[in-house]
Amino acid sequence: MIFSERDLSQLNDRFNARFYDQRGKRFFTTAAQECDDRTNNDHARKIWVQSLLSNSSESFHYAVEAFATKHDSKHQRAQAFFLLAYIDSYWEEYFSADENVYLPIDWTEHCYQEEVFFIKGQVLNLKAERLADELLAAHDASDG
């Protein structure tokens, strides 16, 4: 485990306080984990982080994710903090541009301070997607 529940709670508090005036009724949730890197064949491990901005109705769900291949188990927290700091700078740009700056929805390689990592983001309306799935399921059931 990279961060304890307490650490994650403090990170959430930090993001929510930092962007309090811009986020409206939306809130941040942070996640981090070490996992397999399935993007290559050397069975490496990676550090993955996510900063999710969402609302309680799930009509706005913007997940910004980043990962870096882990170099040393002693530095996994530092790597996770590095990725979250980069995401923090993205949120700053996002809000300062009136929410008109978006990340690609596919993983893209970035290099910052000589560190290579991958990042992506996608805005979803989970509420609308769930309703659409229910309508399709009801339609399929009535045809069968």
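Q: Is A97 buried, partly exposed or exposed?
A: Happy to start here, with a predicted model in which local features need pLDDT of at least 70, side-chain atom pairs count only at pLDDT 80 or more, and totals for chains, interfaces and linings use all residues. Residues are numbered from 1 along each chain as its sequence is written, and side-chain values use heavy atoms, with hydrogens and water left out. Buried means under 20% relative accessible area, exposed over 50%, and partly exposed in between (1.4 Å probe, protein chains only). A97 has a relative accessible area of 27%, so the class is partly exposed.

Q: Between which two elements does the loop with A97 lie?
A: Helices (H or I, at least four residues) and strands (E, at least two) are DSSP runs, numbered from the N terminus. By that scheme, the loop holding A97 runs between α3 (76-96) and β4 (108-112).

Q: What separation do the C-alpha atoms of A97 and H61 have?
A: Along the chain, A97 and H61 are 36 residues apart. In space, their C-alpha atoms are separated by 18 Å.

Q: How many salt bridges does the structure hold?
A: A salt bridge here is a side-chain nitrogen of Lys or Arg within 4 Å of a carboxyl oxygen of Asp or Glu. Side chains of opposite charge can pair when their charged atoms come close. The number of salt bridges in the structure is seven.

Q: Which helices do E92 and R18 lie in?
A: The side chains of E92 and R18 meet in a salt bridge at 2.4 Å, N to O. This pair ties together parts that are 74 residues apart in sequence, because E92 lies in helix α3 and R18 in helix α1 (residues 5-18).

Q: What is the relative accessible area of E92?
A: R18 is partly exposed at 34%. Its partner E92 is also partly exposed, with a relative accessible area of 43%.

Q: Which strands do E34 and R45 lie in?
A: E34 and R45 meet through their side chains in a salt bridge of 3.7 Å, N to O. The two residues are 11 apart and link distant parts of the chain: E34 sits in strand β1 (residues 27-36) and R45 in strand β2 (residues 45-54).

Q: Where do E58 and R130 lie?
A: E58 forms a salt bridge with R130, with the closest N and O atoms 2.7 Å apart. The pair ties together parts 72 residues apart in sequence, because E58 is in the loop between β2 and β3 (61-69) and R130 in helix α4 (residues 126-143).

Q: Which residues do salt bridges that share partners join into one network?
A: E92 and R18, the pair that meets in a salt bridge, belong to this network. Its members are R14, R18, D88 and E92.
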